Every structure is written in C-alpha cells, then in structure tokens.
Amino acid sequence: MADLAVRVAGIPLRNPFLLASGIWGESGDSLAGAWSAGAGGVITKSIGSDPRPGYPNPTIETYERWGLLNAMGLPNPGIAEYPGEIAIARKAGATIIGSVFAGDAAEFARLAQRMEGTGVAAIELNLSCPHAEGFGTEVGSDPDEVEAIVRAVRQQVTVPIIAKITPNTSDPAALAAAAEHGGAAAVSAINTLRALAIDVELRRPVLSHGLGGLSGSAIKPVGLACVWQIYEAVSIPVIGVGGIMSGRDALEYVMAGARAVEVGTAIAFDGVGVFDRLTRELSELLDRIGIARLEEAVGAAHPKG
Ligand SMILES: Cc1cc2nc3c(=O)[nH]c(=O)nc-3n(C[C@H](O)[C@H](O)[C@H](O)COP(=O)(O)O)c2cc1C
C-alpha cells in the first residue's frame with residue numbers, strides 16, 4: 001500500500017485530504033465528523049471578528065455534477081463564540097486549521113492571535129473569497145497588501161500561516177510569492193472563481209447577492225494551472241484545492257506541485273464519506289503506477305533540470 005502521509009509546513013498529516021473551509025466545517029461536531037470519516041485534517045469555516053448572518057437566500061445554486069455557485073456572504077458566529085467549537089473538534093483528536101477573514105492587516109493579526117489561542121495547528125488566511133465586500137479578494141489581490149497582511153499575522157502568531165490565494169487575478173504566483181516574503185509557511189490555491197447565473201424568467205441573477213463563486217469539477221483545470229504556476233514561483237509548500245472529486249484529481253494536483261489538497265464541493269455532493277473513497281482511490285492509483293510514497297510525486301509533472 002502506498003504511503004499517503006505527508007508533512008505540510010511542519011504539520012504531519014495522516015493523508016493529504018483536508019476538509020476545505022466553508023463546507024461542512026462550522027460546528028465542532030461537523031469538524032469532528034469529517035475527521036472521523038478519514039480527513040487528513042480539517043479547516044474551519046472562515047471566522048471573522050464579529051458575527052455575520054451572511055446574505056439572504058438564495059445563496060447557493062447547483063450545476064448538475066460539475067459545480068456549485070455560491071455567495072453565502074461569510075456567515076459565521078464571530079471569534080468570541082468560536083473557541084467552544086474548536087474544543088469539540090480537538091477532543092475528537094482532529095488536526096485543525098483555523099480559517100480567518102478580515103478587512104486589513106491589523107484586524108487579521110488580532111483575529112489570528114485569538115484563533116491561535118484556541119489551539120489550532122495552523123491558520124489559513126482567507127485572502128480570496130470573491131463575493132464579500134471589504135474582505136477576501138478585495139484585500140487579497142494586491143501583492144503588497146498580501147505581504148503586509150501575512151507579515152502582520154506572522155508577528156502575532158507562532159503557528160504556521162497558510163495564505164489562501166485567489167484565482168481571480170492575472171498573476172496568482174505573484175500573490176503566492178508575496179505571501180512567502182511576508183512569512184507564510186504554505187499557500188493554498190484556489191478559492192472559488194467569480195461567477196454569475198441569470199434567471200431569465202425573473203430577469204435577475206439567481207443568487208440574492210448577484211455575483212458568486214464557482215467551485216467543483218468545472219474549476220479543476222483553473223486550480224491546476226494556479227498550483228502549477230505557484231509551485232514554480234515559491235519554495236514553500238502548496239496546497240491544491242478546486243474540483244477534487246476523485247483520487248486521480250488529487251494526484252493531478254500533487255503532480256502539478258501540491259503537497260496536500262483540500263476538498264469542498266465533493267463533500268457538498270456526497271457527504272464526508274468521500275474521504276474514505278478518495279484515500280482508497282489515491283492509494284490504489286499510486287500502487288498501480290508504481291509510486292510508493294505520495295511525497296515522491298509532488299511536482300512530478302514539471303520538466304526536470
Ligand atoms: C458553500 C461554500 C462556502 C465556502 N466558504 C468558504 C469560506 O468560508 N472560506 C474559504 O476560504 N473558502 C470558502 N469556500 C471555498 C472552498 O474552501 C474551496 O476553496 C472552493 O470551493 C474550491 O474547492 P472545491 O471545488 O473542492 O469546492 C466555500 C465554498 C463553498 C462552495
């Protein structure tokens with residue numbers, strides 16, 4: 001059996017499949033559930049300084065099997081309420097990464113410090129939500145701002161920082177390099193792609209917010225291209241995310257340069273049972289093509305020398 005254990009930014013993972021932020025991961029019980037279903041680690045819903053209700057419905061639209069369009073509006077209970085949820089997931093033994101979003105470097109630093117206090121193994125900075133005014137892509141599209149945010153957080157926390165990069169930019173590799181300069185221990189890519197659906201009968205966008213973010217199989221080639229470019233631009237580990245529905249999809253990301261992957265929409269479609277299937281599929285595939293350790297495959301599709 002191939003060895004799927006990997007180390008990302010100093011964090012040992014029993015397998016490379018992390019629960020992606022925002023899907024299944026708000027409550028401590030759901031984080032613990034993903035862990036006991038076999039996730040290599042779990043990432044919390046992005047948490048902000050204050051509670052936010054999110055946008056009114058409709059906030060999510062399904063496109064058959066190839067994707068989801070969502071504009072949830074970063075609903076979350078706020079950092080003051082959240083430590084109890086992390087405590088539940090920690091009790092279950094889960095490796096937890098705390099995701100946070102904020103409007104500027106100072107707020108990110110304060111929030112990250114509070115998140116670190118909950119006992120998470122690492123912090124993922126949401127620099128990439130495409131549909132929340134004042135957050136996400138709006139603060140994560142300029143390399144100088146990304147570097148300043150990561151540096152400010154670095155000065156406040158000792159756990160590894162993972163910068164989650166947006167695909168809604170002409171140069172994701174420049175954003176990743178900026179995060180590395182600021183002190184990030186890893187980068188994850190990608191968040192959702194800005195997207196729109198129109199209801200022609202109602203003559204208006206399907207989602208209440210109008211613009212949303214596309215996830216799922218439809219965005220896998222975009223995620224792969226971002227990971228490929230980022231891998232060539234940075235020396236910190238890359239975590240791939242976007243449309244991973246099978247063990248084969250995960251291995252494509254690994255060969256493009258990812259050391260680990262995050263899984264979102266596949267769970268929305270099929271539940272947390274996917275972790276078991278993904279791990280099995282990846283292991284069988286590695287055995288079949290003669291790779292003994294997943295780590296050997298990282299970046300394997302890049303030209304050598
Ligand atoms: C309903 C929904 C909510 C999401 N919420 C968050 C979030 O709170 N923070 C974040 O960083 N990403 C969030 N994402 C983005 C996912 O973590 C992931 O980057 C994206 O969906 C691509 O992966 P996938 O194709 O496997 O879903 C959300 C995605 C969906 C579909």
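**Exercise 1. Determine how strands β5 and β6 pair in this predicted model, and describe the turn between them.**

Solution.
Step 1. Strand β5 covers residues 60–63, and its pairing with β6 is antiparallel, with four bridges.
Step 2. One position illustrates the register: T62 has L68 in β6 as its bridge partner.
Step 3. The two strands form a hairpin with three residues between them, and E64 adopts a positive phi near 40° there.

**Exercise 2. Find the strand that β14 joins, and establish whether the faces of β6 are buried or exposed.**

Solution.
Step 1. Strand β14, residues 212–215, runs antiparallel to β6, and three bridges join the two.
Step 2. Within this pairing, L69 has L214 in β14 as its bridge partner.
Step 3. A residue is called buried when its relative accessible area is under 20%.
Step 4. On one side of β6, G67 and L69 are buried, and on the other side L68 and N70 are buried, which leaves both faces covered.

**Exercise 3. Characterise the largest pocket by its volume, its lining and the elements that supply this lining.**

Solution.
Step 1. The volume of the largest pocket is about 520 Å³.
Step 2. Its lining consists of 34 residues, and those nearest the centre are S21, I23, N70, N191 and T192.
Step 3. At least two lining residues come from each of β6 (67–70), β8 (122–126), β16 (258–263) and α9 (265–270).
Step 4. Helix α9 supplies the largest share, namely three residues.
Step 5. Sorted by class, the lining of this pocket comprises 15 nonpolar, 15 polar and four charged residues.

**Exercise 4. Identify the residues closest to the ligand and list polar contacts made with the ligand.**

Solution.
Step 1. The ligand is surrounded by 24 residues, of which S21, S46, G216, G243 and T265 are the closest.
Step 2. For S21, a polar backbone atom is 2.8 Å from an oxygen atom of the ligand.
Step 3. For N126, an N or O atom in the side chain is 3.3 Å from a nitrogen atom of the ligand.
Step 4. For N191, a polar side-chain atom is 3.5 Å from an oxygen atom of the ligand.
Step 5. S21 and N191 also appear among the residues nearest the centre of the largest pocket.

**Exercise 5. State how many cavities of 30 Å³ or more the structure holds, and describe the lining of the largest cavity.**

Solution.
Step 1. The search of the whole structure yields one cavity of 30 Å³ or more.
Step 2. The largest cavity has a volume of about 30 Å³.
Step 3. Its lining is formed by V8, I11, L13, L18, I97, I162 and I239.
Step 4. In terms of class, these are seven nonpolar residues, with no polar and no charged residues.

**Exercise 6. Locate the cis peptide bonds before P58 and I190, and the positive phi angles of A9 and L74.**

Solution.
Step 1. The bond from N57 to P58 is cis, with omega near -5°; P58 lies in the loop between β4 (41–43) and β5.
Step 2. The bond from A189 to I190 is also cis, with omega near 20°; I190 lies in the loop between β10 (186–189) and β11 (193–195).
Step 3. A9 is not a glycine, yet its phi is positive at about 50°; this residue belongs to the loop between β1 (6–8) and β2 (11–13).
Step 4. L74, likewise not a glycine, has a positive phi of about 50°; its place is in the loop between β6 and α2 (83–91).
Step 5. L74 has a relative accessible area of 3% and is therefore buried.

How values were computed:
Residues are numbered from 1 along each chain as its sequence is written. This is a predicted model: local features need pLDDT of at least 70, side-chain atom pairs count only at pLDDT 80 or more; totals for chains, interfaces and linings use all residues. Side-chain values use heavy atoms; hydrogens and water are left out. On a 1 Å grid over the protein atoms alone, a cavity is a set of points where a 1.4 Å probe fits but cannot get out, and a pocket is an open set with protein on both sides within 12 Å along at least five of seven lines; lining residues have an atom within 4 Å of a point. Grid points are joined across faces, edges and corners, and a volume is the space filled by probe spheres set on the points. Ala, Val, Leu, Ile, Met, Phe, Trp, Tyr, Cys and Pro count as nonpolar, Asp, Glu, Lys and Arg as charged, and the others, Gly among them, as polar. Buried means under 20% relative accessible area, exposed over 50%, partly exposed in between (1.4 Å probe, protein chains only). Two strands pair if DSSP finds at least two bridges between them. A residue is near a molecule or strand if one of its heavy atoms lies within 4 Å of it. A polar contact is a pair of N or O atoms within 3.5 Å; within protein, one must be able to donate a hydrogen and the other to accept it, and residues adjacent in sequence count only if both atoms are side-chain atoms.
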